Amino acid sequence: RATPPAPGFLFLTDRPEACTMKLRGLYAITDSQLLAGRFLAYVEAALEGGVTLLQYRDKSQDHARRLGEAEALKALCERYNTRLIINDDAELAARLDVGVHLGQTDGPLTPARTLLGRSAIIGAA
């Protein structure tokens with residue numbers, strides 16, 4: 001596995017010779033539990049404030065709710081020309097045709113790259 005990137009960078013592949021891209025702008029991470037009841041309103045306010053990359057983070061096992069929220073976030077992100085990535089769920093990211101962020105214990109990057117394609121953002125921490 002390649003060396004983790006410096007802060008402000010995302011892995012694009014697990015090949016060390018081509019592994020990072022520089023992020024520019026404001027990167028926001030959601031927490032639907034913390035923002036319960038006003039989740040989408042707060043996310044939209046952040047998008048209006050200039051977020052350029054939004055990470056949907058929800059560790060729950062409620063797959064139907066996660067899909068619904070992720071679809072709503074994708075629509076908002078498209079409206080504000082903001083990239084969306086899904087935390088720890090490459091299958092959900094593939095379903096929505098967005099990027100993914102994988103933690104150190106979420107497995108290798110190669111299967112996610114295969115699932116998402118060469119142009120998808122794949123972040124690693």
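These legends describe close-up views of one predicted model.

**Figure 1. The chain at a glance: four helices and seven strands.**
The order along the sequence is β-β-β-α-β-α-β-α-β-α-β. The chain has 125 residues, and 40% of them count as buried. Among contacts with a separation of 6 or more, 49% join residues 24 or more positions apart.

**Figure 2. The largest nonpolar core, with 27 residues.**
Leu54, Leu84, Ile86 and Val100 touch the most other members of this core. Helices H1, H2, H3 (90–96) and H4 (109–116) each give two or more residues to the core. Strands E4, E5, E6 (99–102) and E7 (122–124) do so too. H2 supplies the largest share, five residues. In soluble globular proteins, nonpolar side chains tend to be buried together.

**Figure 3. Surroundings of Leu54, a residue of the largest nonpolar core.**
Residues up to four places away in sequence are not counted here. Leu54 then touches Ala28, Thr30, Val43, Leu73, Cys77, Thr82, Arg83, Leu84 and Ile85. Two of these partners appear again in other views. Val43 is a buried residue of H1. Leu84 is, like Leu54, among the core members that touch the most others.

**Figure 4. Helix H1, residues 39–48, and its buried residues.**
Phe39, Val43 and Leu47 are buried. Seen down the helix axis, they fall within an arc of 65°, so they line one face of H1. Strand E4 (51–56) and H2 are among the elements that cover them. After the helix comes Gly50, with a positive phi near 110°.

**Figure 5. Helix H4 and its buried residues.**
Which residues of H4 are buried? They are Leu109, Ala112, Arg113 and Leu116. Arg113 is on this list, and Arg counts as charged. The four cover an arc of only 100° around the axis, which puts them on the same side of H4. Just after the helix, Gly117 takes a positive phi of about 95°.

**Figure 6. Thr82 in the loop between H2 and E5.**
Is Thr82 buried or exposed? Its relative accessible area is 9%, under the 20% limit, so Thr82 counts as buried. Neighbours within four places in sequence are left aside in this view. The contacts of Thr82 are then Leu47, Val51, Thr52, Leu53, Leu54 and Cys77. Leu47 is one of the buried residues of H1. Thr52 belongs to strand E4.

**Figure 7. Thr52 in strand E4.**
Thr52 has 34% relative accessibility and counts as partly exposed. Its contacts are Arg24, Gly25, Leu26, Thr82 and Arg83, not counting residues up to four places away in sequence. Thr52 and Cys77 are 25 residues apart in sequence. Their C-alpha atoms are 8.9 Å apart in space. Thr82 is in contact with both Thr52 and Cys77.

**Figure 8. Two residues other than glycine with positive phi, Asn81 and Asp88.**
Most residues other than glycine have a negative phi. Asn81 has a phi near 55°. This residue sits in the loop between H2 and E5, the loop that also holds Thr82. At 72% relative accessibility, Asn81 counts as exposed. Asp88 has a phi of about 60°. Asp88 lies in the loop between E5 and H3. Its relative accessibility is 27%, so Asp88 counts as partly exposed.

**Figure 9. The largest pocket, with a volume of about 310 Å³.**
The pocket is lined by 14 residues. Closest to its centre are Arg83, Leu84, Asp97, Val98 and Gly99. Helix H2 (63–79) and strand E5 (83–87) are the elements that give two or more residues to the lining. H2 gives the most, with three residues. By type, the lining divides into six nonpolar, four polar and four charged residues. Arg83 and Leu84 are also contacts of Leu54, and Arg83 touches Thr52 as well.

How values were computed: Residues numbered from 1 in each chain as written. Predicted model: local features only at pLDDT ≥ 70, side-chain atom pairs only at ≥ 80, totals over all residues. Heavy atoms only, no water. 1 Å grid on protein atoms, 1.4 Å probe; cavity = no way out; pocket = protein on both sides within 12 Å on 5 of 7 lines; lining within 4 Å. Points joined across faces, edges and corners; volume = space filled by probe spheres on them. Buried < 20%, exposed > 50% of the residue type's maximum accessible area, 1.4 Å probe, protein only. Arc of directions from axis to C-beta. Contact = heavy atoms within 4.5 Å. Core = buried A, V, L, I, M, F, W, Y, C linked by side-chain atoms within 4.5 Å.
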